[in-house]
Number of protein chains: 2
Amino acid sequence: MTQAQMTATDPYPTRGEVEEVIPRVDPVVYDNGKALGGHGLSKEQVASYEERGFILLPGVFDADEVAELCRETERLKADPSLNGRDELVLEPDSHRARSIFRVHRFSGVFDRLSRDPRILDKVRQILGSDVYIHHSRINIKRPLSGKSFPWHSDFETWHAEDGIPRMRIMSAWVMLTENTEFNGPVYLIPGSHRRFVACAGDTPDDHFRESLRKQAYGVPGVEALRGLVDAGGMAGAYGPPGTLVLHEGNTMHGSPDNITPDARTNLFIVYNSVKNLPADRPYAAPRFRPDFLGGRDFEPLTPSVPGAGGP
Amino acid sequence: MTQAQMTATDPYPTRGEVEEVIPRVDPVVYDNGKALGGHGLSKEQVASYEERGFILLPGVFDADEVAELCRETERLKADPSLNGRDELVLEPDSHRARSIFRVHRFSGVFDRLSRDPRILDKVRQILGSDVYIHHSRINIKRPLSGKSFPWHSDFETWHAEDGIPRMRIMSAWVMLTENTEFNGPVYLIPGSHRRFVACAGDTPDDHFRESLRKQAYGVPGVEALRGLVDAGGMAGAYGPPGTLVLHEGNTMHGSPDNITPDARTNLFIVYNSVKNLPADRPYAAPRFRPDFLGGRDFEPLTPSVPGAGGP
């Protein structure tokens, strides 16, 4: 497909000269949300996700499981083999870990989690197909100094910079510490997944290096945001450790600083439908981001057995 | 009083070599909280303030009054005579107003508000005496980019840098816009007013210029904060426009950034007891801050008549 053809058939053009808010043309839930495994969502849960663009599910992982995930996070933070690698992203004003990417490849524990049927059955149910991992990461919002992140649609970036064609991609994230109203939680705009904010501005080359620390492109302006907030309000993703959040890829979200004395840590896994593989080139960037951000292993995931131990 | 005498008798030494958490020696409520006017707090409200170190009082000012205060704020923001004055404090990374100080002197509307018996009766009841204004300010936390403010005790700064001897000083603040969990609200640590965190570090000369934009001295460390939070938890000061907050000067507080599309604006007035006049020199700074921060007009305030019009 040439760039001209791609633009002609792209329902979500972005990074142009002006910002525009345009309707979503894709379903939110595919194939009527038919359950594809024993750990699917209820009808009511599917309807809530479809309506709001996210759902919080406290208690999916128990305290022992969370403790294991936290130990594994500490191990990765201290792993000298990650030093200097792109997968390790530092705070804008310090040399402390803000994110670790590709954790499902660095760790048997996270690989197993990423294929846990308690996540995978729900994700496949919503996306109506097999899925693969677009990327995974741990986000650590440090005590006192963990920085805010501006509002954005993940899909906007995945489309513009990774070539993901359509809205058939989502995040599942697990709270490894409690997320409270005080510690820099994720705020979401319910219903915002039904509109696409085509953001203004050309994507600079290698934008990802800067954007993972502080995003500057693919960020909506104040008027577009006010329109979304006026329509849907805001919601805070609060919950105890072990809460699973399913988060539609286009749902607008952001987060304030963490000024509390304790870190706020979440694990994110981005699942894409195997029916939504990346195009030959990104839709609005000079070249693809590296594959720790936009995965190129499209093999469908097979469920792991919870609690089965090492990989 | 010489510096040596002052140090010897000072129950709240700070800005030394190490951080220390020491007990408060002063009352929180003076003279048993006896009402000194018709707009005082109830016994239960006094007890709650004494216990927690703050109290939220929604609905003290009605929509028309708030609208007038907002119009007056806009007028001051546009007032060219404030350009370049120290009273106008800008955001650390922009040239937009973050705070306007001394508003009770620049504006008849704010002068009248600062002497409104709905505030003054409550403040005099708590401090058990006549009061004067240590300073006043409007804090505007801008949409999308309004910055966070680290945890601090106001009293620590007023003691160290303005020479306020004892904990007989408090803030009254009025919400001019709604304060929500999302828009960079003030977080407080209930009960923290009963301990004094003596902060480490020498105060640089003219520290106030930097500290009003981003405080770096007089900020407790993570362990002291964790101790206070473990004991008292955290509370968000949320409320509709027109909410009055009474805030003990030593109550630890901070606020995250405002990432919402709308500004969050509050008016603060700091009242000091006439029985707590500043010492001859600051307790832990080379010299006094300027008088827009540490007022030198100790004349007791006389109540205004609500709705009486111009000064």
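Q: Which side chains meet in a salt bridge at 2.9 Å, N to O?
A: Those of A:D262 and B:R226. Keep in mind that this is a predicted model.

Q: How many salt bridges does the rule find across the interface of chain B and chain A?
A: Two. The rule also finds 13 residue pairs in polar contact across that interface, with both residues at pLDDT 80 or more.

Q: Which elements of chain B supply residues to the side that touches chain A?
A: β6 (149-152), α9 (222-232), β10 (235-236) and β12 (253-255) each supply at least two. α9(B) gives the most, with four residues.

Q: And what's that side made of, by class?
A: On chain B there are 15 nonpolar, five polar and four charged residues.

Q: How many residues does each chain put into the contact?
A: Chain B and chain A each put in 24 residues. The area buried between them is about 2100 Å², and carbon and sulfur atoms give 65% of that area.

Q: Which residues of chain B lose the most area to chain A?
A: B:F182, B:I259 and B:P261. Together they make up 31% of what the chain B side buries.

Q: Different topic: helix α6 of chain B. How many of its residues are buried?
A: The helix spans residues 117-127, and 11 of its 11 residues are buried. Charged ones are on that list too, including B:R118, B:D121 and B:K122.

Q: What caps its N-terminal end?
A: B:D116 does, with a side-chain oxygen 2.8 Å from the backbone nitrogen of B:R118.

Q: And what comes just after α6(B)?
A: B:G128, which takes a positive phi of about 65°.

Technical notes
Residues numbered from 1 in each chain as written. Chains lettered and ligands numbered in written order. Predicted model: local features only at pLDDT ≥ 70, side-chain atom pairs only at ≥ 80, totals over all residues. Heavy atoms only, no water. Contact = heavy atoms within 4.5 Å. Buried area = accessible area lost by both parts, 1.4 Å probe. Salt bridge = Lys/Arg side-chain N within 4 Å of Asp/Glu carboxyl O. Polar contact = N/O pair within 3.5 Å; in protein donor to acceptor, adjacent residues only side chain to side chain. Buried < 20%, exposed > 50% of the residue type's maximum accessible area, 1.4 Å probe, protein only.
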